[in-house]
Amino acid sequence: MKLFRITTSPMGVERIGEFLENNYICIGYPGTGDLEHAGPEEMLARLLKSGAYKGPELEEAVVNLNLFVHEMQDGDYVLIADGQWVHLGDLGDYFYDETGDSPEDGRCHRRGVTWLRSIPQSALNPEAAELLADESLISRYRGTLPAARLELWIEGKGPADSVADGKRNLVDEITVTKAVSVLKEALHSEDADRRERAAIAILQYAK
C-alpha cells in the first residue's frame, strides 16, 4: 500500500469538481497514447515525438508519468487538496481515454478513485501535511505507513487512541472525579502496596 498526492489542476485547468463528482483523477500529458505497457524509455520517446516538452520539463514529465502509470497501483491511496479540506481516495487501475488525448482536453491518462472521506487540513498529521504541501504535479509519501486504518494515521490519531476515547466516553466526568479522589486518598494509606497501585493508576490517568 502506498500514498500519493496529486494536483487538481493538470495543465492549469482546475478539475477538483470533476474529480470528486466523477470519481477519477488525471495527470495531463496528451499526445503520448496509451502508456499501460510503456516503460520510462518509451515514455521519453513519445514525449519527444509530441514535441511539447524539452529539457528539465521533459525529465519531469517522464518521472510524473511513471509515477502515475506504474508506481500507483490499484488499492493504493491518494490525497487531493480542496481549500481547507483534504479528500482521501482509494485508487483504481490506470486507463487511457483516447477522447481526452488533445492539447485542448488533456484528460487522457486516468485512474478511477473511490473517495473515502474528507478531512480538515488542520487535522492532518505532520507527515501528511508535508506531503500535501509538495508543489510538484504528483508525489509519493516515502515514509512508513500503517498496516490498516490509514485515515486514522492521516488525522494523527491511531486505532489505540480511538479505542481509548470510546472507553472514556462510557464514564461520566462526575464518576471520574470521584474515582480520582479515592485514588488520592489511597496514596495516604498505611499499606505500601495500596499506595503504589494508587500512584500507578493516577499516573496512567494523567497520560
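The buried residues of helix H4 pack against four strands and a helix: E1 (3-6), E3 (77-82), E4 (85-96), E6 (138-140) and helix H5 (150-154). Before going on, a reminder that this is a predicted model.

Let me stay with H4. The helix covers residues 126-133, and its buried residues are Ala128, Leu131 and Leu132. Looking down the axis of H4, these buried residues fall within an arc of 95°, so they line one face of the helix. The other side of H4 has Pro126, Glu130 and Ala133, which are exposed. At the N-terminal end, H4 is capped by Asn125. There, a side-chain oxygen of Asn125 lies 3.1 Å from the backbone nitrogen of Glu127.

Now the sheet. How many strands form it, and in what order? Six strands make an open sheet, and the order is E2-E5-E4-E3-E1-E6, with mixed pairing. At the edges are E2, residues 24-26, and E6, each of which pairs on one side only. From one strand to the next, the twist averages 35°. As background, strands of a sheet pair through backbone hydrogen bonds, in either a parallel or an antiparallel sense.

One pair to look at is E1 with E3. These two strands pair in the parallel sense, over three bridges. Phe4 stands opposite Val78 in E3. Recall that E1 and E3 are also among the elements that the buried residues of H4 pack against.

A second helix to find on the screen is H3, residues 55-71. Helix H3 lies across E1, E2, E4, E5 and E6, where E5 is residues 109-120. Relative to E5, H3 runs at about 85°.

Last, two backbone angles. Most residues other than glycine have a negative phi. Which loop holds Met11? Met11 is in the loop between E1 and helix H1, the latter being residues 16-22. Its phi is near 60°, a positive value in a residue other than glycine. Met11 has a relative accessible area of 43%, which makes the residue partly exposed.

The other case is Tyr29, in the loop between E2 and helix H2, residues 40-50. Phi of Tyr29 is also positive, near 60°, and again the residue is not glycine. Is Tyr29 buried or exposed? The relative accessibility of Tyr29 is 10%, and buried means under 20%, so Tyr29 counts as buried.

Key
Residues are numbered from 1 along each chain as its sequence is written. This is a predicted model: local features need pLDDT of at least 70, side-chain atom pairs count only at pLDDT 80 or more; totals for chains, interfaces and linings use all residues. Side-chain values use heavy atoms; hydrogens and water are left out. Buried means under 20% relative accessible area, exposed over 50%, partly exposed in between (1.4 Å probe, protein chains only). The arc is that of the directions from the helix axis to the C-beta atoms. Contact means heavy atoms within 4.5 Å. A polar contact is a pair of N or O atoms within 3.5 Å; within protein, one must be able to donate a hydrogen and the other to accept it, and residues adjacent in sequence count only if both atoms are side-chain atoms. Two strands pair if DSSP finds at least two bridges between them. Axes are lines fitted to C-alpha atoms, for helices over the stretch in contact, and angles run from 0 to 180 degrees between N-to-C directions.
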